[in-house]
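Q: I would like a close look at one part of this structure, taken step by step and in connected prose.

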Amino acid sequence: MPSPTVVIVPGWRNSGPGHWQSLWAERLPDVLRVEQDDWITPVRSAWVGRLSEAVGMARGPVILVAHSLGCIASVHLPASVSSRVAAALFVAPADPERRGVLADFAPVPYQKLPYRSILVASSNDPYCPVRLAGAYARAWGSEFVRLNEAGHINVASGHGDWSLGLALLQSLGADVMQRDQVAAWI
């Protein structure tokens, strides 16, 4: 069985140097990073299209690692594409219903996802209230990890390499590999 491919899904304005997503993309094996034509004025169809292309290029199972608006783009994937996703780590999701430039991503889907996911949110994220992030987690069937005073879980809030996130990703990867091994034996 091929090892999982990690698909990095940055949010609005991209994840620049020093952001944990950028550091992981440089360091981890089997990583694809979604690049958008327009990071400033995002259009849902274009963003979801690029993400769909990245998932389609992956060999074997896919683990999404999404931040901010990348989380919302990920849950907009059509079923034909999300069926290739084995797991997802959603970090500091955005609230497109309250930010005009992100409005094309509203409404946010509120249905259970067909794969295991972990949603990490902060009690003081300026882009999404923790209660809303908790509502996303419940609707999507995600495990919910609530961090205290962690901001938007990015460079500005002091999250460079972010070891906790990497541990969560590793747990998802181990779970995916175990499921694939069991499926191969059946």
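Which residues have the most contacts inside the largest nonpolar core, and how many residues does this core have? Please describe the elements around it as well.

A: The model is a predicted one. Its largest nonpolar core has 40 residues, and those with the most contacts inside it are Leu64, Phe90 and Trp140. Two or more residues each come from strand 1, helix 2 (44-57), strand 3, helix 3 (69-75), strand 4, strand 5 and helix 5. Helix 5 gives the most to this core, with seven residues. Apart from this core lies another, of 22 residues, among them Trp24, Val91, Ile153 and Leu169.

The sheet provides the framework for the description. It is an open sheet of six strands in the order 2-1-3-4-5-6, with parallel pairing. Strand 2 (31-33) and strand 6 (143-147) stand at the edges; each has a single partner strand, so one side of each is left without a neighbour in the sheet. From one strand to the next, the twist averages 15 degrees.

Strand 3 deserves particular attention. With strand 1 (residues 5-9), strand 3 pairs in the parallel sense over five bridges. Strand 3 (residues 62-67) also pairs with strand 4 (residues 85-91), again in the parallel sense, over six bridges. Valine 65 of strand 3 stands opposite isoleucine 8, and the bridge partner of valine 65 in strand 4 is leucine 89. Histidine 67, in turn, stands opposite valine 91 in strand 4. Six of the six residues of strand 3 are buried. Both faces of the strand are covered: Val62, Leu64 and Ala66 are buried on one side, and Ile63, Val65 and His67 on the other. Leu64, on the side with Val62 and Ala66, is one of the residues with the most contacts inside the largest core.

Phenylalanine 90 is another of those residues. Leaving aside residues up to four places away in sequence, phenylalanine 90 touches Ala66, Cys71, Ser74, Val75, Leu113, Tyr115, Ser117, Ile118, Leu119, Val120, Trp140 and Ser142. Ala66, among these contacts, is a buried residue of strand 3, and Trp140 is a buried residue of helix 5.

Cys71, also touched by phenylalanine 90, is buried, with a relative accessible area of 0%. The closest cysteine sulfur, in cysteine 128, is 9.0 Å from the sulfur of cysteine 71, too far for a bond. Cysteine 128 is likewise in no disulfide, and cysteine 128 is buried, with a relative accessible area of 3%. A search of the whole structure finds zero disulfides.

Helix 5 completes the picture. Helix 5 (residues 130-140) packs on the sheet, where it touches strand 4, strand 5 (116-122) and strand 6. The direction of helix 5 makes about 175 degrees with that of strand 5. Eight of the 11 residues of helix 5 are buried, so the helix is largely enclosed by the rest of the structure. These buried residues are Val130, Leu132, Ala133, Gly134, Tyr136, Ala137, Ala139 and Trp140. They pack against helix 3, strand 4, strand 5 and strand 6. Glycine 141 follows helix 5, and its phi is positive, near 75 degrees.

Note on methods. Residues numbered from 1 in each chain as written. Predicted model: local features only at pLDDT ≥ 70, side-chain atom pairs only at ≥ 80, totals over all residues. Heavy atoms only, no water. Pairing = 2+ DSSP bridges. Helix = DSSP H or I, 4+ residues; strand = E, 2+ residues; numbered from the N terminus. Axes fitted to C-alpha atoms, helices over the stretch in contact; angles between N-to-C directions. Contact = heavy atoms within 4.5 Å. Buried < 20%, exposed > 50% of the residue type's maximum accessible area, 1.4 Å probe, protein only. Core = buried A, V, L, I, M, F, W, Y, C linked by side-chain atoms within 4.5 Å. Disulfide = S-S within 2.5 Å.
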